[in-house]
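Here is a walk through a two-chain model, written for someone who likes cut-offs spelled out. Keep the viewer open as you read.

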Amino acid sequence: MSNTFETVAAIISETSDIPLEEITPESNAMEDLGIDSLDFLDIAFAIDKAFGIKIPLAGWTEELQAGKARVEDYFLMKNLCAKIDELAAANNS
Amino acid sequence: MIDGIEALNTDKASISARAHVPGQSPVFEGHFPGHPLVPGVLLIETMAQASGYLILALTAYKTMPFLASVKDAKLRSFVPPDAELAVTAHLDHEGSGYVMTKAHIHHEGKKVCDAHLTFRLMPFPSKELERHMLDQIEFIGLKSKN
């Protein structure tokens, strides 16, 4: 996961102008890093391109709004990176 | 802003449209007195509308695109009243629940503006809006161009 984390952290730092050192695996992108849903579109685009995946952002948003998931399930950095790894592995299989 | 569709290519995810700038408009009275010009924000809106029609076609008219972000907008030349504009847009990236396009406008063969646009895709928030959009799509001939 560490390479994924480094890549995603760099994307977030570059896209949202957040110092890299403030982004940790325990950071919540929305609640700790102050990223809103509009910022995350740019981040999702960059992640999609970097990993050759399509983050199911619409599905995640629906689940959050329906109370079927918590924000940290998808936007805690270590969880986000784990999801990215799963999507990348599914693409490669 | 869009008066008609010239071409729609769903395979290449691109659209060409035309827009006629009216000769007179209250907008020109203040922008600017003695030197009427189409405001940049309206050129951006024109590009957004062309992109929006493309997205509607690509999503089978089932979701409504809402402009979320404008990047790298370049307003290269002035656009006067009565201008005939050629508006084009193509899909840059289709994400989950969002789409990015690149669009530009030409006037008399010269590029006058371009921008990268991001749209959120949502279900139509009202039946009235859905009906209006479908009527508009018919009016500008979007479905017949594919």
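In which sense do β5(B) and strand β6 of chain B pair, and over how many bridges? The pairing of β5(B) with β6 (residues 110–122) is antiparallel and covers 10 bridges. Before going further, please note that this is a predicted model, in which local features need pLDDT of at least 70, side-chain atom pairs count only at pLDDT 80 or more, and totals for chains, interfaces and linings use all residues. Residues are numbered from 1 along each chain as its sequence is written, while chains are lettered from A and ligands numbered from 1 in the order in which they are written.

**The sheet of chain B**

Strands here are DSSP runs of E with at least two residues, helices are runs of H or I with at least four residues, and both are numbered from the N terminus. Two strands pair if DSSP finds at least two bridges between them. On that basis chain B has an open sheet of 6 strands, in the order β1-β2-β4-β5-β6-β3, with antiparallel pairing. Its edge strands are β1 (4–9) and β3, each of which pairs on one side only. Neighbouring strands of the sheet are turned by 20° against each other on average, direction ignored; the axes behind such angles are lines fitted to C-alpha atoms, for helices over the stretch in contact, and angles run from 0 to 180 degrees between N-to-C directions.

Within the β5(B)–β6(B) pair, B:I105 has B:C113 in β6(B) as its bridge partner. The hairpin of these two strands has 2 residues between them, and B:E108 takes a positive phi near 50° there. On to the edge strand β3(B): 9 bridges join it to β6(B), and the two run antiparallel. B:V70 stands opposite B:L117 in β6(B).

**Helices and core**

α2(A) lies across β3, β4 (84–94), β5 and β6 of chain B and runs at about 75° to β3(B). What about the helix α2(B)? The expected span of a helix is 1.5 Å times one less than its number of residues. For the 19 residues of α2(B) that gives 27 Å, and the end C-alpha atoms are 27 Å apart, which agrees. A residue is buried if 20 or more other C-beta atoms (placed from the backbone) lie within 10 Å of its own, exposed if 12 or fewer, and partly exposed in between. Because 14 of its 19 residues are buried, α2(B) is largely enclosed by the rest of the structure.

A nonpolar core is a set of buried Ala, Val, Leu, Ile, Met, Phe, Trp, Tyr and Cys residues joined through C-beta atoms within 7 Å. In the largest one, which has 58 residues, A:L80, B:M47, B:A50 and B:Y53 touch the most other members. α2(B) provides the largest share of this core, 10 residues.

Contact means that the C-beta atoms of two residues, placed from the backbone, lie within 7 Å. Leaving aside neighbours within four places in sequence, B:Y53 is in contact with B:I2, B:I5, B:I15, B:A17 and B:L142. With the same kind of exclusion, of residues up to four places away, B:V38 touches B:V21, B:L43 and B:V79. B:V38 lies in the loop between α1 and α2 of chain B and is buried, with 27 other C-beta atoms within 10 Å.

**Backbone points to check**

A cis peptide bond joins B:H31 and B:F32, with omega about 0°. B:F32 is found in the loop between α1 (26–30) and α2 (40–58) of chain B. Two residues with positive phi that are not glycine are set out below.

| Residue | Phi | C-beta atoms within 10 Å |
|---|---|---|
| A:D17 | about 60° | 8 other C-beta atoms, exposed |
| B:D72 | about 50° | 9 C-beta neighbours, exposed |

A:D17 lies in the loop between α1 (2–16) and α2 (37–51) of chain A, whereas B:D72 is in strand β3 of chain B.

**Where the chains meet**

The contact between the chains takes 9 residues from chain B and 12 residues from chain A. On the chain B side, β3 (64–75) and β5 (98–107) each supply at least two residues. That side divides into 3 nonpolar, 6 polar and no charged residues, where Ala, Val, Leu, Ile, Met, Phe, Trp, Tyr, Cys and Pro count as nonpolar, Asp, Glu, Lys and Arg as charged, and the others, Gly among them, as polar.
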